[in-house]
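This report introduces a structure to a reader who has not met it before. The sequence and the model are shown first, and the description follows.

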Amino acid sequence: MLNKLLFHHFPNIKSWLTRLQYEFVSTLNLKKDVLFMNFGYTSHHQGLEPIALAPEDEIHRYPMQLYHHVAKHIDWSNAAALEVSSGRGGGAHFIMNTFKPKSYTGVDFSTRAVDFCREQYGDIQGLDFHQGNAEALNFPDNSFDVVVNVEASLYYPNITKFYEHVRRVLKPNGYFLYTDLRYEEKVAIWHAQIKAMGLKVIKEEDITDNVLKAMEMDRERRMQLVDKYVPAILRKQFYHFAGLTPNSPNALPHLDNRRYWYFVLQKA
Ligand SMILES: C[S@@+](CC[C@H](N)C(=O)[O-])C[C@H]1O[C@@H](n2cnc3c(N)ncnc32)[C@H](O)[C@@H]1O
């Protein structure tokens, strides 16, 4: 309730509190337990095969599947890609390994997250990370074939500035691969803002059920992570952060009446 109130009426305060939360997360010594910070995706309940993963990647299956779903609809050969809000770099690394773009640049405002990514993935050619703000991207016009953004734009106080930068840095025919969630009553406005970018809509899909199912499958692991790393006094807040019900983390996860959407957009 408080979260929703802040989101609707005080987006700057909400954004600032969220930054604090992410900065706090990056002070924890999460090591390789946490390489992703999204709610995940699955389509196994719709009869589709899960993606093949190396045994050591199994613990990241659901967040990896979200990146796979986001990335799979375009041709990545020879692409120069930018990910805005790359977090702890798991998605960047996964896309680099799986879809093999020519280069992949991750940007995040958390310096600690960027330091972690550089340490973790510094030896992978073509993959690099920088500190930066989604609303003030520091790259030349027409410089990327693909821009990726996963579960992060809900925290940007001025979303249209972000969209302007995405449009500006994309090359002609470049793709914007975008997924995020919004409170149900805000979805129509959000979609109108996306359409106002002037990019061609190649694909748009409500993936809420896939995300909820993934959260259900991944609930045990998320609970264990919160219990392992977060001091007891902050645990309730972090259960919420991890998509669990704060007073009853064994209950089925929910998205607080939010809908999760996925878009493929192309600059004409
Ligand atoms: C929910 S996490 C998602 C991270 C990553 N995309 C993933 O799926 O693992 C949101 C990320 O957005 C970043 N973030 C929030 N506001 C930002 C901004 N204005 N500019 C750049 N990054 C931002 C946070 O630091 C955090 O790493």
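Leaving aside its neighbours within four places in sequence, with which residues is Arg 259 in contact? The contacts of Arg 259 are Leu 181, Arg 182, Glu 184, Val 187, Asp 206 and Thr 208. The model is a predicted one. Arg 259 belongs to strand S7. Its C-alpha atom is separated by 7.8 Å from that of Ile 207, although the two residues are 52 residues apart along the chain. Arg 259 counts as partly exposed because it has 18 C-beta neighbours inside 10 Å.

**The sheet**

Strand S7 is part of an open sheet of seven strands, arranged in the order S3-S2-S1-S4-S5-S7-S6 with mixed pairing. The edge strands, each pairing on one side only, are S3 (127-131) and S6 (200-206). On average, neighbouring strands of this sheet are turned by 15 degrees against each other, with direction ignored. Strands of a sheet pair through backbone hydrogen bonds, and they do so in either a parallel or an antiparallel sense.

Three of the pairings are set out below, each with one bridge.

| Strands | Sense | Bridges | One bridge pair |
|---|---|---|---|
| S1 and S4 | parallel | three | Ala 81 and Val 146 |
| S4 and S5 | parallel | six | Val 147 and Phe 176 |
| S6 and S7 | antiparallel | six | Glu 204 and Phe 263 |

Strand S4 thus appears in two of these rows, pairing with S1 and with S5. Is strand S4 mostly covered or mostly exposed, and how many of its residues are buried? Strand S4 is mostly covered, with seven of its seven residues buried.

**The helices**

Helix H4 (residues 90-99) lies across four strands of the sheet, namely S1 (80-84), S2 (103-108), S3 and S4 (144-150). Helix H4 runs at about 170 degrees to S2.

Helix H5 spans residues 111-121, and its buried residues are Ala 113, Val 114, Phe 116, Cys 117 and Tyr 121. These buried residues lie on the same side of H5, because they cover an arc of only 160 degrees around the axis. On the other side of H5, the exposed residues are Thr 111 and Glu 119. As a general matter, an α-helix has 3.6 residues a turn, so residues three or four places apart point the same way.

**Two residues with positive phi**

The loop between H4 and S2 holds Lys 100. Although Lys 100 is not a glycine, it has a positive phi of about 50 degrees. Lys 100 is partly exposed, because 13 other C-beta atoms lie within 10 Å.

Asn 173, a residue other than glycine, also has a positive phi, with a value near 75 degrees. This residue is found in strand S5 (residues 170-183). Why does Asn 173 count as exposed? The reason is that Asn 173 has 10 C-beta neighbours inside 10 Å, and a residue with 12 or fewer is exposed.

**The surroundings of the ligand**

How many residues surround the ligand, and which are the closest? The ligand is surrounded by 21 residues, and the closest are Asn 38, Ser 85, Gly 87, Ala 134 and Ala 152. Sorted by class, this shell consists of ten nonpolar, eight polar and three charged residues.

Notes: Residues numbered from 1 in each chain as written. Predicted model: local features only at pLDDT ≥ 70, side-chain atom pairs only at ≥ 80, totals over all residues. Near = placed C-beta within 6 Å. Nonpolar A, V, L, I, M, F, W, Y, C, P; charged D, E, K, R; others polar. Buried ≥ 20, exposed ≤ 12 C-beta atoms within 10 Å, placed from the backbone. Arc of directions from axis to C-beta. Pairing = 2+ DSSP bridges. Axes fitted to C-alpha atoms, helices over the stretch in contact; angles between N-to-C directions. Contact = placed C-beta atoms within 7 Å.
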